[in-house]
Amino acid sequence: MTSTQSQRQNGASPEEAVVSLESVRRTYYLGEPVDALDGVSLSLPEGSFTAVMGPSGSGKSTLMNMIGCLDTPDEGTVTVNGQDVGALPDGKRARLRGAELGFIFQQFNLLPRLTAAENVTLPMVFQTVVDEGRRERAETLLTRVGLGDRLDHTPPELSGGQRQRVAIARALVNEPSVLLADEPTGNLDTETGSTIMDLFEELHEEGRTILMVTHERHIAEHADRIVHLVDGQIEEIEDLGGDSA
Ligand SMILES: Nc1ncnc2c1ncn2[C@@H]1O[C@H](COP(=O)(O)OP(=O)(O)OP(=O)(O)O)[C@@H](O)[C@H]1O
């Protein structure tokens, strides 16, 4: 394959990519070795919205953990915003994670005793945002996701969809380069899931770079393209023509 073909298949040249994986292998040794990722190359161009689908055990979580700077490759490289994740010492990798990545989970992962605003404020505590600015920023983001009237509610006082909105506001708070969403609608009914996907589409239109794992085809179809993983390899990158639509 020529490099131009390879770039086209991967979605971008490395220079334009916020995240880039080059021939990434991750092998687990429990009895027989398992290549959870088996030579994966993928680029996330700035402003792209990519869905990842694949059967159970195909490597989706391993891929998310790689891009999320929770894991490093045994072979190949993962680059986030120009930094080689595997070459960074643990502390720097954790800082890169906090500064450049925003996480959204199926289970929301909010602290139940803190208010919505406090949950959103939390990631800023580890960054250099001065105290006075934090509450204001949390209010702005919660208003942005439609929860301006729920700032002081705790998660148990919110619906599932509202909780996920809080989690999305929290993920945005440090202005990350990439939003990583793991089954973001997996705990929501179809209608609520669809309103959350509307919000993802708005964030995409604002130019944010999003990577989302999902089992559901109709959820994946909100993205520009679907990466199909099978046995730790990219079987196909399905272009949904999002950019030209
Ligand atoms: N910590 C680990 N130790 C050993 N093997 C692992 C570990 N994590 C993942 N694996 C193996 O790596 C492969 C890929 O797992 P991964 O969790 O990435 O798949 P997945 O696509 O996210 O699956 P699911 O949809 O079920 O969550 C599987 O065969 C799994 O058993």
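Biologist: How many helices and strands does the protein have?
Modeller: In this predicted model, the protein has 8 helices and 10 strands.

Biologist: What makes strand 1 and strand 2 a pair?
Modeller: Pairing requires at least two bridges found by DSSP between the strands. Strand 1 and strand 2 are joined by 11 bridges, so they satisfy that criterion. The two strands run antiparallel, and Val-24 stands opposite Val-40 in strand 2.

Biologist: What lies between strand 1 and strand 2 in the hairpin?
Modeller: The hairpin has 1 residue between the two strands, and Gly-31 in the turn has a positive phi of about 70°.

Biologist: What makes strand 1 and strand 4 a pair?
Modeller: Strand 4, residues 75–80, shares 5 bridges with strand 1 and runs antiparallel to it. The requirement is at least two bridges, therefore these strands pair as well. Ser-20 stands opposite Thr-79 in strand 4.

Biologist: Why is Lys-60 counted among the residues around the ligand?
Modeller: Lys-60 belongs to the shell, as do Tyr-28, Gly-57 and Thr-62, among others. Membership rests on the C-beta atom, placed from the backbone, lying within 6 Å of the molecule.

Biologist: Which elements supply at least two residues of the shell around the ligand?
Modeller: Strand 1 (17–30), strand 2 (32–45) and helix 2 (60–67) each do so. Helix 2 gives the largest share, 3 residues.

Biologist: How do the residues of the shell divide into nonpolar, polar and charged?
Modeller: The shell has 4 nonpolar, 7 polar and 1 charged. Gly counts as polar, so Gly-54, Gly-57 and Gly-59 fall in the polar group.

Conventions. Residues numbered from 1 in each chain as written. Predicted model: local features only at pLDDT ≥ 70, side-chain atom pairs only at ≥ 80, totals over all residues. Helix = DSSP H or I, 4+ residues; strand = E, 2+ residues; numbered from the N terminus.
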